Amino acid sequence: MLDGKSFKSILVASSILALTLCAVSPAAYAQGRRAVNLSGTPGLPFSDGIVVGNFLYVSGTQGTSADGKLASGISAQTRAALENIERVVKKAGLRMSDVVSVNVYLSDIHDFGEMNKVYTTFFPDPK
């Protein structure tokens, strides 16, 4: 069992670095694996997305514009991040309506309302 001090340390560490791991079965992996890369990201040590079997895994993205600059404000950052994700989804031959799971990491929970106003415009119902 964690004491309060250990829990706070873990909580701080998790807010600094957030990782999402997806693993696939050998059967799904055997169906094929291909990278989905946008033209503006050459030379990076990861793909913008990976298709394995019938699934697309999209790398984490920030709210940056095509020139790599972070957009100003949470609404603009949310829009830019989701537009970047949408480009990967479309390049893989899918639509945003095909998305079944999204992880959103905010550095300030008070930004949730503004982020959510933009977020909901990218996905049809049911969300």
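The legends below describe several close-up views of a predicted model.

**View 1. Overall arrangement of the protein chain in the predicted model.** The protein chain holds 4 helices and 3 strands, and read from the N terminus the elements follow one another as α-α-β-β-β-α-α. Of its 127 residues, 21% are buried. When contacts between residues at least 6 apart in sequence are considered, 42% of them join residues that are at least 24 apart.

**View 2. The open sheet of 3 strands, in the order E1-E2-E3.** The pairing within this sheet is antiparallel, and its edge strands are E1 (33-36) and E3 (55-58), each of which pairs on one side only. From one strand to the next, the twist averages 20°. In general, the strands of a sheet pair through backbone hydrogen bonds, in either a parallel or an antiparallel sense. Helix H3 packs on the sheet and touches E1, E2 and E3, while the direction of H3 makes about 150° with that of E3.

**View 3. Pairing of E1 with E2 in the antiparallel sense.** Strand E2 comprises residues 49-52 and is joined to E1 over 4 bridges. Within this pairing, valine 36 stands opposite glycine 49 of E2.

**View 4. The hairpin of E2 and E3, with 2 residues between the strands.** E2 and E3 run antiparallel and are joined by 4 bridges, and one of the partnerships across them sets valine 51 against leucine 56 in E3. In this hairpin, glycine 53 takes a positive phi near 60°. As background to this view, most residues other than glycine have a negative phi.

**View 5. Surroundings of asparagine 84 in helix H3.** Asparagine 84 lies in H3, which spans residues 74-91, and with a relative accessible area of 13% asparagine 84 counts as buried because this value falls under the 20% cut-off. The side chain of asparagine 84 reaches two backbone oxygens, that of threonine 64 at 3.1 Å and that of glutamine 62 at 3.4 Å. Once its neighbours within four places in sequence are left aside, asparagine 84 is in contact with Leu38, Thr61, Gln62 and Thr64. Glutamine 62 and threonine 64 thus appear both in this set of contacts and as the residues whose backbone oxygens are reached by the side chain of asparagine 84.

**View 6. Packing of helix H3 against helix H4.** The two helices pack at an angle of about 40°, with their axes 8 Å apart, and the crossing of H3 and H4 is right-handed. On the side of H3, the contact is made by Ile74, Ser75, Thr78, Arg79 and Leu82, and on the side of H4 by Glu114, Met115, Val118 and Tyr119. Sorted by character, the residues of this contact comprise 5 nonpolar, 2 polar and 2 charged.

**View 7. The cis peptide bond between aspartate 125 and proline 126.** The bond that joins these two residues has an omega of about -5°, and proline 126 is found in the segment after helix H4 (112-119). For comparison, most peptide bonds are trans.

Technical notes: Residues numbered from 1 in each chain as written. Predicted model: local features only at pLDDT ≥ 70, side-chain atom pairs only at ≥ 80, totals over all residues. Heavy atoms only, no water. Buried < 20%, exposed > 50% of the residue type's maximum accessible area, 1.4 Å probe, protein only. Polar contact = N/O pair within 3.5 Å; in protein donor to acceptor, adjacent residues only side chain to side chain. Contact = heavy atoms within 4.5 Å. Pairing = 2+ DSSP bridges. Axes fitted to C-alpha atoms, helices over the stretch in contact; angles between N-to-C directions. Left-handed = near helix turned anticlockwise from the far one by under 90°. Nonpolar A, V, L, I, M, F, W, Y, C, P; charged D, E, K, R; others polar.
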